[in-house]
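Student: I'm new to this one, and I'd like a close look at a single part. Could you walk me through the salt bridges, and then say a little about what else is around?

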Amino acid sequence: MKTRPAESPSSAVPAPRTGAGTALDALPGSFYKRPVLEVARDLIGCTVVHGETAGAIVETEAYHQQEPASHAYIGLTPRTSTLFGPPGVAYVYRSYGIHALFNAVCEPEGVGAAVLIRALRPVAGLELMRRRRSRRPPADEAEAGSVGSEGGSGARAMADRELCSGPGRLAQALGIELGENGTSLVRGPVRVLPRERRAPEIVASTRIGITKAAALPWRFSLAGDENVSRPWPSRSR
DNA sequence: CATGGGATTGACT
DNA sequence: GTCAATCCCATGC
């Protein structure tokens with residue numbers, strides 16, 4: 001049984017701006033119903049919120065059905081149906097049998113395109129993130145009941161920059177799983193909030209971990225941010 | 001129905 | 001630098 005009492009209810013999400021009444025307004029669906037390259041760039045600096053954890057996006061990649069690196073390239077299948085559905089929805093899939101990767105579906109319904117969220121700057125719920133990330137994969141033991149020492153089995157202290165600096169890492173840190181595939185990014189459970197500051201300095205480079213269409217400069221990252229995943233983009237653009 | 005290939009990560013040489 | 005872990009699903013017999 002996965003009886004899971006609510007995590008500590010302390011509000012870890014960034015405090016809402018008082019006054020307007022409506023607190024955390026997510027980006028509207030129309031934000032995503034645009035060319036995927038525009039959305040990928042505009043998502044830098046926005047905040048992903050899931051439960052009591054949240055992080056600011058510092059790295060994205062764009063994927064589109066017209067280029068072979070995209071899952072949508074093969075056309076409409078059970079796996080890619082989310083990609084061809086309405087925009088403003090989460091596309092979550094399992095990579096290498098281990099990691100969940102989190103994307104934002106873009107472009108009008110019928111077009112297969114999405115932005116892969118590759119790295120975040122942790123903003124809220126860092127303790128919970130650390131707990132999720134440091135938990136060893138269930139290959140070793142079942143569940144040791146020892147609570148006294150944290151990471152007693154050789155687990156070193158994890159730096160904040162290791163929590164969300166990669167697509168698999170951030171999904172684990174935020175607790176995003178395959179069940180969130182197809183859910184709304186406007187209504188939740190995973191939501192994306194607009195950035196509060198002016199447009200940041202963004203670096204464009206080539207995408208990571210692909211073999212096809214590898215030359216396209218469709219990776220975007222916040223210049224100089226330490227949470228960006230490796231390899232770090234060269235200064236271009 | 002069997003097989004192969006990942007939009008990755010962490011551990012190790 | 002190399003390499004295994006491990007699940008979903010597309011493809012082929």
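Tutor: Here is a walk through the salt bridges, followed by a short look at the cavity and the DNA contacts. Keep in mind that this is a predicted model.

Let's start with the idea itself: side chains of opposite charge can pair when their charged atoms come close. Searching the whole structure turns up seven salt bridges, and a few of them are worth a visit.

Take Glu38 and Arg34 to begin with. They form a salt bridge whose closest N and O atoms are 3.4 Å apart. Are these two buried, partly exposed or exposed? Glu38 has a relative accessible area of 39%, so it counts as partly exposed. Arg34 comes out at 22% relative accessibility, which makes it partly exposed as well.

Now go to Arg118 and Glu61, whose side chains meet in a salt bridge at 3.6 Å, N to O. This pair links distant parts of the chain: Arg118 sits in strand S5 (residues 113-124) and Glu61 in strand S2 (residues 53-64), 57 residues apart. Both Arg118 and Glu61 are buried.

Next comes Arg207, which forms a salt bridge with Glu67, with 3.0 Å between the closest N and O atoms. Arg207 is in the loop between strand S7 (202-205) and strand S8 (219-222), while Glu67 is in the loop between S2 and helix H3 (81-84), so the pair ties together parts that are 140 residues apart in sequence. Arg207 is buried, at 4% relative accessibility, and Glu67 is buried too, with a relative accessible area of 5%. Elsewhere, salt bridges that share partners join Glu59, Glu61, Arg118 and Arg219 into one network, and that brings back the Arg118 and Glu61 pair.

For a contrast in character, look at the cavity. The search finds one cavity of 30 Å³ or more, with a volume of about 30 Å³. Its lining has eight nonpolar residues and no polar or charged ones; among them are Tyr32, Leu43, Phe102 and Val192.

Finally, there's DNA strand C. Nine residues surround the strand, and the closest are Thr77, Arg79, Tyr96, Gly97 and Ile98. By class, the surface near DNA strand C has five nonpolar, two polar and two charged residues. Some contacts come from the protein backbone: a backbone N or O atom of Arg79 lies 3.1 Å from a phosphate oxygen of the strand, and a polar backbone atom of Tyr96 is 2.2 Å from a base oxygen. Gly97 has a polar backbone atom 3.1 Å from a sugar or linking oxygen of DNA strand C.

Definitions and conventions: Residues numbered from 1 in each chain as written. Chains lettered and ligands numbered in written order. Predicted model: local features only at pLDDT ≥ 70, side-chain atom pairs only at ≥ 80, totals over all residues. Heavy atoms only, no water. Near = heavy atom within 4 Å. Polar contact = N/O pair within 3.5 Å; in protein donor to acceptor, adjacent residues only side chain to side chain. Nonpolar A, V, L, I, M, F, W, Y, C, P; charged D, E, K, R; others polar. 1 Å grid on protein atoms, 1.4 Å probe; cavity = no way out; pocket = protein on both sides within 12 Å on 5 of 7 lines; lining within 4 Å. Points joined across faces, edges and corners; volume = space filled by probe spheres on them. Salt bridge = Lys/Arg side-chain N within 4 Å of Asp/Glu carboxyl O. Buried < 20%, exposed > 50% of the residue type's maximum accessible area, 1.4 Å probe, protein only. Helix = DSSP H or I, 4+ residues; strand = E, 2+ residues; numbered from the N terminus.
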